[in-house]
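Please look over the structure below. The report that goes with it covers helix packing and charged pairs.

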Amino acid sequence: MPQLGLLHGRAWAVLFGQLRRPPGAVCIRAVHSHSQVAEAALATQMKPRQEKSNFIIKTPKGTRDLSPQQMVVREKILDMVVSCFKRHGAKGLDTPAFELKEMLTEKYGEDSGLIYDLKDQGGELLSLRYDLTVPFARYLAMNKVKKMKRYHVGKVWRRESPTIVQGRYREFCQCDFDIAGQFDPMIPDAECLKIMCEILSGLQLGDFLIKVNDRRILDGIFAICGVPESKFHAICSSVDKLDKMSWKDVRHEMVAKKGLAAEVADRIGDYVQCHGGVSLVKQMFQDPRLSQNKQALEGLGDLKLLFEYLTLFGIAEKISFDLSLARGLDYYTGVIYEAVLLQTPAHAEEEPLNTFGEKIRTTETQVFVATPQNNFLQERLKLIAELWDAGIKAELMYKNNPKLLTQLHYCENMGIPLVVIIGEQELKEGVIKLRSVASREEVAITRENLVAEIQKRLSES
């Protein structure tokens, strides 16, 4: 399931690979049958014992496989997310999984150490992308694009210590929605917050809250509290840990590890532990020290305007002005936001495969082609080809002479709604039996009317 834990700014932590081909080309990779896969696995197992005595078959640390059941949930979530992005007018975009290392390492501050470097293969120093935001900025600059509303779904990689229990992996999927360009203040940001509310409400993960802040307000707080400007980013990175650490531990990091004076850290603590609604924005306007800082005033003015728009969108009660929200990355310069769930879901250690409250089907097969008799493989192959060519999702059993009961049980287990049955009697009469798996009712349909009848039934279900 995509990581939805913390959604920040315009970037969403929630799988599609990119095949490299000439522009406009489509590539379908060869698909191996089960026998080929089995042979490959057997060859691996048959290697001399001394070559693999210490080898354990596992996924790399911080990664995981997704089962067919998990993929169903992921695809439904991504369909919902992308549908929302498209509803708001976003265009799709994809970028390479790796970028020039120099471009990435300049953008992430302290987090640059979490970037995966790739071994030099051709004269360029490359790294796996850390997020989808910097590649988007590179795309805009490279193509001289001034305005763009885009979405991007893709994997990113972070070389941090994974905590699987909390759902933190080194490889995970992000869903980004960005509005790039020069616009009147807070209109695009209000829409981004509306999108976050729409998606989180649609996913029915439980009650949530979206924290908002502004980096200009934070910088203003640092300035009036006496933080040297050279330490702004370092201290901001410490403040950003308040959702994971207590203020006591964050203060210790500021003082003991980053050399901040204790009294300065205490003054920062008076501010960054405050949170509330639009009333807190008004309170900060009246703060005698903060109101003297130009940067902070600009940020507070934008937040006041933002809350006006959020009220018009009907989501103001879902938003909290939280001065502890910092975001450690260097490219955040204005309004920042992050969504959090207000309670831990029950059975959080388990995959929430029942997210959509239904039995999970791992395929979308609509029709199964069956036979009750031996030596009917050729007729089944001709029949299933007709269904495929008509755009119907169909399957058959990969055996020359399967038992009918086995075929029907497979349909019930997989949730396939319809079965078409062909045998000697049907072939002689020029008909096909169409069986409803749920009701077990069968009717005879002429071969020429079969596709139309199946499409009619599928459209009614």
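What follows describes two helix crossings, several salt bridges and one pairing of positions far apart in sequence.

## Basis

This is a predicted model. Every value below is computed from it.

## Helices α12 and α15

Helix α12 spans residues 377-389, and helix α15 spans residues 447-460. Their axes come within 11 Å and cross at roughly 45°. That angle makes α12 oblique to α15. The crossing is right-handed.

Which residues of α12 and α15 meet? From α12 come Glu 379, Lys 382, Leu 383, Glu 386 and Leu 387. From α15 come Arg 447, Leu 450, Val 451 and Ile 454. Sorted by type, the residues of this contact are five nonpolar and four charged, with no polar ones.

## Helices α6 and α7

Helix α6 covers residues 215-225. Its axis and that of α7 come within 11 Å, crossing at roughly 110°. The two helices are therefore roughly perpendicular to each other. This crossing, too, is right-handed.

On the α6 side, the contact uses Arg 215, Leu 218, Asp 219, Phe 222 and Ala 223. On the α7 side are Phe 232, His 233, Ile 235, Cys 236 and Val 239. By type, the residues of the contact of α6 with α7 are seven nonpolar, one polar and two charged.

## Salt bridges between distant parts

Side chains of opposite charge can pair when their charged atoms come close. How many salt bridges does a search of the whole structure find? The count is 26.

One of them joins Arg 87 and Glu 198. Their closest N and O atoms are 2.8 Å apart. The pair links distant parts of the chain. Arg 87 sits in helix α2 (residues 68-87), Glu 198 in helix α5 (residues 187-203), and 111 residues separate them. Arg 87 is exposed, because its relative accessible area of 56% is over 50%. Glu 198, at 23% relative accessibility, counts as partly exposed.

## A buried pair and a loop pair

Glu 99 forms a salt bridge with Arg 138. Here the closest N and O atoms are 2.8 Å apart. Glu 99 lies in strand β4 (residues 98-100) and Arg 138 in helix α4 (residues 133-142), so the salt bridge ties together parts that are 39 residues apart in sequence. Are these two residues buried or exposed? Both Glu 99 and Arg 138 are buried.

Lys 241 pairs with Glu 253, with 3.1 Å between the closest N and O atoms. Lys 241 lies in the loop between α7 (232-239) and α8 (247-257), and Glu 253 lies in helix α8, so the pair ties together parts that are twelve residues apart in sequence. Lys 241 is partly exposed, with a relative accessible area of 25%. Glu 253 is buried, because its relative accessible area of 8% is under 20%. Elsewhere, salt bridges that share partners join Glu 426, Lys 433, Arg 435 and Glu 442 into one network.

## Gln 69 and Arg 361

Gln 69 lies in helix α2. At 34% relative accessibility, Gln 69 counts as partly exposed. How far apart are Gln 69 and Arg 361 in sequence and in space? They are 292 residues apart in sequence. In space, they are 7.3 Å apart, C-alpha to C-alpha.

Conventions: Residues numbered from 1 in each chain as written. Predicted model: local features only at pLDDT ≥ 70, side-chain atom pairs only at ≥ 80, totals over all residues. Heavy atoms only, no water. Axes fitted to C-alpha atoms, helices over the stretch in contact; angles between N-to-C directions. Helix = DSSP H or I, 4+ residues; strand = E, 2+ residues; numbered from the N terminus. Parallel < 35°, antiparallel > 145°, perpendicular 65-115°, else oblique. Left-handed = near helix turned anticlockwise from the far one by under 90°. Contact = heavy atoms within 4.5 Å. Nonpolar A, V, L, I, M, F, W, Y, C, P; charged D, E, K, R; others polar. Salt bridge = Lys/Arg side-chain N within 4 Å of Asp/Glu carboxyl O. Buried < 20%, exposed > 50% of the residue type's maximum accessible area, 1.4 Å probe, protein only.
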